[in-house]
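Reader: I am new to this structure and should like to understand the terms used to describe it. Please explain the reasoning behind each one.

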Amino acid sequence: MAGIRDTVGKNRSRLPHVSRRSLLVGATAAGGLAIAWSLWPRDYQPNLTAAPDEHIFNAFLKIGDDGHISAIVPQCEMGQGVTTLLPQIMADELGADWRTIAVETAPINPLYTNTLLVDEDSAVFTPRAGVPDFVSDVRSWARREWAVRHAVMLTANSSSVRMFEAPCRAAAAQARALLMMAAAKRWDADWEECDTQDGFVTHGKKRLRFGDVAAAAALLEPPAEPVYRASSSDPLYGKELTRLDLPAKIDGSANYAGDIRLPDMVFAAIRQGPLGATRLKSIDRKKGLASPALLHVVTHERWVAAVARNWWAANRALDCFAPVFETEGTPISTDRIDKALKAALKDDGYRIASEGDVAEAMEGRPKIAAEYAVAPALHAAIETRTATAAPDGGGLRVWVATQAPTQCRDAIARATGLARTNVTLFPMMAGGSFDACLDHNVAVQAAIVALQIKRPVQLAWSRAEEIMRLPPRAPTRAKLTATLNAAGGIDALVTRIAVPSTNHEFRDRLFHNTPADIAQRGAAGSPDAAAVEGAASGYAIPHMAVDHCPADIGLPTGRWRGNADSYTAFFTECFVDEMAARAGTDALSYRMAMLGNAPLLARCLLTATSLGGWEGGLSGTAQGLACHAMRGSHIALMATARQSERGLQVEQLVAVVDAGRLVNPTIARQQIEGGLIFGLAAAVGATTDYEGGVATARKLGQLGLPVLSQTPQILVEFVESDREPGGLGEIGVPVVAPAIANAMFAATGRRIRRLPLSAHPL
């Protein structure tokens with residue numbers, strides 16, 4: 001077995017440099033740091049704008065004289081329903097009429113910081129890797145302070161409701177108290193004896209509309225602590241309310257970055273060179289400038305953009321410019337990636353998690369091993385990366401879908417030389433993202449082009465550009481080695497995973513706007529706990545270890561829906577299934593025997609097999625199981641799949657989910673169904689090969705995505721729960737591939753250890 005290196009002291013941060021001057025203190029002592037930070041002024045106030053007949057109550061709510069209520073949402077709406085879920089929480093606590101609720105996107109402000117991502121040990125921003133080195137050893141409050149002061153308003157990790165339910169509820173409770181105070185003054189009553197319901201303040205038979213008292217209420221001082229509403233006889237929380245974003249999406253009035261239209265606006269297309277250390281060498285300027293409708297050409301050391309009166313003309317002009325790029329070093333290719341992963345798997349690794357003593361447990365005993373491989377996974381969102389930028393006096397206005405608005409604005413300012421205060425960012429809805437909107441290159445490029453041509457411009461990446469340039473989920477390779485007890489159960493398990501240190505390079509890109517190739521090289525070789533997240537499963541295995549073997553594959557990689565869990569669940573659930581078959585035990589019983597410490601997951605598994613009619617996974621049944629837990633949620637999936645004349649045919653997916661309290665069951669179901677389809681796409685396609693530094697695929701039709709006729713029957717059941725809400729955006733993705741692979745074993749007797757699912761042996 002390859003060696004193991006201790007990660008203590010070696011997991012170096014890759015976030016932006018924070019100067020001593022900006023912190024008012026050095027990092028020599030945690031106590032001094034704490035004192036200095038406690039003295040740093042941080043009285044953050046709402047920076048909302050309001051119409052003359054609107055009144056700002058706090059950072060999350062405005063109420064108009066006509067009774068309309070504007071709910072301020074600090075998260076990116078990318079189809080997950082956050083612009084309904086957070087307003088639904090606020091409307092329920094406020095006692096509002098759902099028909100009066102409107103939604104506004106929050107401006108950049110530390111008040112909307114997503115501190116949950118800093119708090120979660122296994123999330124992208126872990127305490128060790130998500131903050132500057134000199135802060136990582138101080139208490140958790142200091143880490144949160146760092147995030148707040150940098151306004152880290154990320155939408156990621158299925159965290160929207162988990163992070164903002166409490167702040168939204170508190171904001172609504174305070175606004176409700178103010179409305180009752182204002183009404184009580186008119187009635188000469190005790191405000192604490194008042195109540196709210198359906199948009200009215202009530203006191204016995206007396207009623208006043210919210211709009212009638214909004215102006216007076218906004219001038220009052222709220223209670224020191226939120227006074228929460230007593231349980232309602234008809235709560236909005238938990239109802240299947242219609243999504244607020246749905247009507248506009250149906251009638252086409254919803255605005256995305258590509259829908260922005262400004263006076264004198266033009267359109268741009270872009271070509272970027274191969275992945276790696278690439279520079280623009282030359283263009284055929286004479287031929288390109290003769291292109292019909294061309295207005296401008298803008299060259300950058302890493303790209304060239306053509307500007308015309310419509311996007312198609314701009315894109316055709318790029319063909320005429322015929323840009324030539326030069327790349328240092330060996331070009332990225334699928335063969336190079338595979339070789340790097342194989343080499344990393346054999347090399348020393350970093351022990352990320354352990355339980356018991358695997359070395360002693362395995363010494364002198366027969367070992368069973370299996371290797372698995374996973375290809376890069378593409379985001380393939382319907383909307384390609386798009387941004388609209390317009391010069392505005394000495395500043396700039398930018399419209400773009402982003403999951404990190406502060407960092408996007410800062411990247412634009414850094415690239416253009418503008419002060420951050422001179423960049424106004426308008427965060428837009430995303431036409432799908434799956435974490436693609438954490439990449440802000442398109443906004444930076446649009447800003448540079450707009451300032452150079454001195455007029456508004458809309459830049460949209462072509463589908464080919466997005467497939468070739470957007471960093472995919474990392475490819476990976478894993479080896480699982482186990483020893484079994486006398487009953488055939490797993491006694492010791494070592495999971496070694498060769499994968500790039502994605503989260504280190506992602507942070508460099510996000511916070512530094514570091515070019516992808518430089519970030520990738522800088523991250524190479526560093527241990528990354530988040531890169532193997534989910535490998536330490538909920539199974540009760542006496543001796544267990546998870547090792548990260550950092551792989552320098554040359555290919556920049558990024559975040560993707562489900563992240564590491566999307567492949568670690570594949571490794572674990574397929575391997576457990578293999579061990580069950582080896583022991584001659586039903587795959588359900590084998591799992592249940594190891595879930596004594598995970599009752600919620602066990603319940604999901606038993607319910608899924610009951611609903612799906614589990615037949616024991618016997619040969620020919622074509623049924624497979626998988627279960628997983630992440631972000632406070634638990635899921636079990638039973639898949640029915642078999643080989644047909646048209647290839648792999650998934651007939652049915654039966655999922656049972658325990659995600660705690662559900663704000664809106666309809667949206668929860670949509671998230672699980674969407675996650676299952678997304679997981680199916682990654683199980684059968686959503687990938688590309690690489691050759692000469694570029695992806696070989698250019699169109700959606702070349703990605704092997706499932707079509708409607710290949711979509712299985714889907715049954716989703718939720719376990720009723722009073723637990724705190726868990727994440728729903730990602731939990732459906734990890735279980736699909738292993739459940740299908742296990743079903744294919746039951747149907748054909750062949751093990752599939754590759755993603756996309758392939759019968760080819762490793």
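Reader: What pLDDT does the protein chain average?

Author: The model is a predicted one, and its protein chain averages a pLDDT of 91. Of the residues, 91% score at least 70.

Reader: Which residues have a pLDDT below 50?

Author: Residues 7-39 have a pLDDT below 50, although this stretch has 66 contacts in the model beyond near neighbours in sequence. Residues 121-138 also stay under 50, and there the model has 67 contacts beyond four places in sequence. Where pLDDT is low, predicted coordinates should not be read in detail.

Reader: Why is H628 called buried?

Author: A residue is buried when its relative accessible area is under 20%. H628 has 6%, and therefore it is buried. H628 belongs to strand 23, which covers residues 623-630. Beyond its neighbours within four places in sequence, H628 is in contact with residues including G534, L601, I731 and V735.

Reader: What makes the pair H628 and D565 a polar contact?

Author: The cut-off for such a pair of N or O atoms is 3.5 Å. The side chains of H628 and D565 are joined at 2.7 Å, which is within that limit.

Reader: Is A626, also in strand 23, buried or exposed?

Author: A626 has a relative accessibility of 0%, so it counts as buried. Leaving aside neighbours within four places in sequence, its contacts include E573, R591, L637 and P738. A626 and A737 are 111 residues apart in sequence, yet their C-alpha atoms are 8.7 Å apart in space.

Reader: In which sheet does strand 23 take part, and what makes strand 23 an edge strand?

Author: Strand 23 takes part in an open sheet of four strands, ordered 23-24-25-28 with mixed pairing. Strand 23 and strand 28 (713-718) each pair on one side only, and they are the edge strands. From one strand to the next, the twist averages 20°.

Reader: How do you know that strand 24 and strand 25 pair?

Author: Pairing requires at least two bridges. Strand 24 (residues 633-644) and strand 25 (residues 647-658) are joined by 11 bridges and run antiparallel. Within strand 25, V656 stands opposite A636. Across strands 23, 24, 25 and 28 lies helix 20 (residues 599-612), running at about 35° to strand 24.

Reader: Why is helix 16 described as largely enclosed?

Author: Helix 16 spans residues 502-512, and 10 of its 11 residues are buried, so the rest of the structure largely encloses it. Among the buried residues are H504, F506, R509 and F511. The cover over them includes helix 5 (140-149), helix 13 (405-416) and helix 17 (516-523). Just after helix 16, N513 takes a positive phi of about 55°.

Reader: Which residues have the most contacts inside the largest nonpolar core?

Author: That core has 80 residues, and those with the most contacts inside it are I490, F570, F571, I672 and I740. Helix 18 (residues 565-583) gives the largest share of this core, eight residues. Not counting residues up to four places away in sequence, F570 touches residues including Y372, A737, I752 and L757. A second, separate core has 52 residues, among them A96, I101, A183 and L208.

Reader: Why does T386 count as buried?

Author: The limit for buried is under 20%. T386 is at 7% relative accessibility, so it counts as buried. T386 is found in strand 16 (residues 386-392). A polar atom of its side chain lies 2.9 Å from the backbone oxygen of T384. Leaving aside neighbours within four places in sequence, T386 is in contact with A257, W399 and Q458, among others.

Reader: What do strand 16 and strand 17 form?

Author: Strand 16 and strand 17 form a hairpin with two residues between them, and G393 in the turn has a positive phi of about 65°. Six bridges join the two strands, which run antiparallel. One of the bridges has D392 and G395 as partners.

Reader: What makes strand 17 mostly covered, and how does strand 17 run relative to strand 18?

Author: Five of the six residues of strand 17 (residues 395-400) are buried. Strand 17 and strand 18 (residues 423-427) run parallel and are joined by five bridges. In strand 18, V423 stands opposite L396.

Key. Residues numbered from 1 in each chain as written. Heavy atoms only, no water. Buried < 20%, exposed > 50% of the residue type's maximum accessible area, 1.4 Å probe, protein only. Polar contact = N/O pair within 3.5 Å; in protein donor to acceptor, adjacent residues only side chain to side chain. Contact = heavy atoms within 4.5 Å. Axes fitted to C-alpha atoms, helices over the stretch in contact; angles between N-to-C directions. Core = buried A, V, L, I, M, F, W, Y, C linked by side-chain atoms within 4.5 Å. pLDDT = per-residue confidence, 0-100.
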